[in-house]
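Have a look at the chain below with its fold beside it. We'll go through its charged pairs, then the sheet and what packs on it.

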Amino acid sequence: MKKIEAVIRPENLDAIRVSLQEKGIIGMTVEEVQGRGRQKGVCLQWRAGEYCVEFLPKIKIDLVVDDKDVENAIEAITKVARTGKNGDGKIFISPVEQVVRISSGERGKEAI
């Protein structure tokens, strides 16, 4: 099993959710986060001067999937999120040793 963490633009969340669902990947956790990378924030002009935002709003999606579904999940996310510009986001993949469903005690793939 693998944990997939995807940091994306907020406006892409619903389209990514639908794209993942079409691949049979339903369970996820979503967080509102802030971050910066190559995009390095933005500077805006106001009447009073320049205002710079160093950390931009992003959404972080956490998924745990079976090893065979990792590439499908990556494809589902990137086909929607990729614009080719800085700020599209990143995907991180980590191994997961065990998953336990609290309500039933199921473990492993059955608990995903």
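## Asp67 and its partner

With a relative accessibility of 46%, Asp67 counts as partly exposed. Keep in mind that this is a predicted model. Asp67 pairs up with Lys2 in a salt bridge, where the closest N and O atoms sit 3.6 Å apart. Lys2 is partly exposed too, because its relative accessibility comes to 26%.

What does this pair tie together? Lys2 belongs to strand 1, while Asp67 is in the loop between strand 5 and helix 2, so the salt bridge connects parts that are 65 residues apart in sequence. Lys2 also has a place in the strand pairing: it stands opposite Val65 in strand 5.

## A neighbouring loop residue, Asp66

Asp66 has a salt bridge of its own, with Lys109, and the closest N and O atoms there are 3.7 Å apart. Asp66 sits in the loop between strand 5 and helix 2 and Lys109 in the segment after strand 6, so this pair ties together parts 43 residues apart in sequence.

Are the two partners buried or exposed? Lys109, at 57% relative accessibility, counts as exposed. Asp66 is at 13%, so it counts as buried.

## Glu5 and Lys60

How many salt bridges turn up in the whole structure? The search finds nine. One of them joins the side chains of Glu5 and Lys60, at 3.3 Å from N to O. Glu5 is in strand 1 and Lys60 in strand 5, so to speak two distant parts of the chain, 55 residues apart. As background, side chains of opposite charge can pair when their charged atoms come close.

Both Glu5 and Lys60 are buried. For Glu5 the call rests on a relative accessibility of 19%, and the cut-off for buried is under 20%. Besides Lys60, Glu5 touches residues further along the chain, among them Ile61, Asp62, Lys90, Ile91, Phe92 and Ser94. Through shared partners, salt bridges join Glu5, Lys60 and Glu31 into one network.

## Lys58, buried without a salt bridge

Strand 5, residues 56–65, also holds Lys58. Which side chain of opposite charge is nearest to Lys58? That would be Asp88, 7.2 Å away, and Lys58 is buried yet has no salt bridge. A salt bridge needs the nitrogen within 4 Å of a carboxyl oxygen.

There is a polar neighbour, though: the backbone oxygen of Gly87 lies 2.8 Å from a polar atom of the Lys58 side chain. Leaving aside residues up to four places away in sequence, Lys58 touches a long run of others, including Val7, Ile8, Arg9 and Pro10, then Glu31, Glu32, Val33, Gln34 and Gly35, and also Gln39 and Gly87.

## The sheet

Now for the sheet behind these pairs. Four strands make up an open sheet in the order 2-5-1-6, and the pairing is antiparallel. Strand 2 (29–35) and strand 6 (89–95) are the edge strands, each pairing on one side only. On average, neighbouring strands are turned by 20° against each other, ignoring direction.

Strand 1, residues 2–8, runs antiparallel to strand 5, and seven bridges join the two. Strands of a sheet pair through backbone hydrogen bonds, either parallel or antiparallel.

## Helices on the sheet

Helix 1, residues 13–22, packs on the sheet and touches strand 1, strand 2 and strand 5. The direction of helix 1 makes about 15° with that of strand 5. Helix 2, residues 70–81, packs on the sheet as well, with contacts to strand 1, strand 5 and strand 6. Helix 2 makes about 5° with the direction of strand 1.

Ala73 is a residue of helix 2. What is its accessibility class? At 0% relative accessibility, Ala73 counts as buried. Leaving out residues up to four places away in sequence, Ala73 touches Ile4, Leu20, Ile25 and Leu63. Ala73 and Ile4 are 69 residues apart along the chain, yet their C-alpha atoms are separated by 8.3 Å.

Terms used: Residues are numbered from 1 along each chain as its sequence is written. This is a predicted model: local features need pLDDT of at least 70, side-chain atom pairs count only at pLDDT 80 or more; totals for chains, interfaces and linings use all residues. Side-chain values use heavy atoms; hydrogens and water are left out. Buried means under 20% relative accessible area, exposed over 50%, partly exposed in between (1.4 Å probe, protein chains only). Lys and Arg count as positive and Asp and Glu as negative; His and the chain ends are not counted. A polar contact is a pair of N or O atoms within 3.5 Å; within protein, one must be able to donate a hydrogen and the other to accept it, and residues adjacent in sequence count only if both atoms are side-chain atoms. Contact means heavy atoms within 4.5 Å. Two strands pair if DSSP finds at least two bridges between them. Axes are lines fitted to C-alpha atoms, for helices over the stretch in contact, and angles run from 0 to 180 degrees between N-to-C directions.
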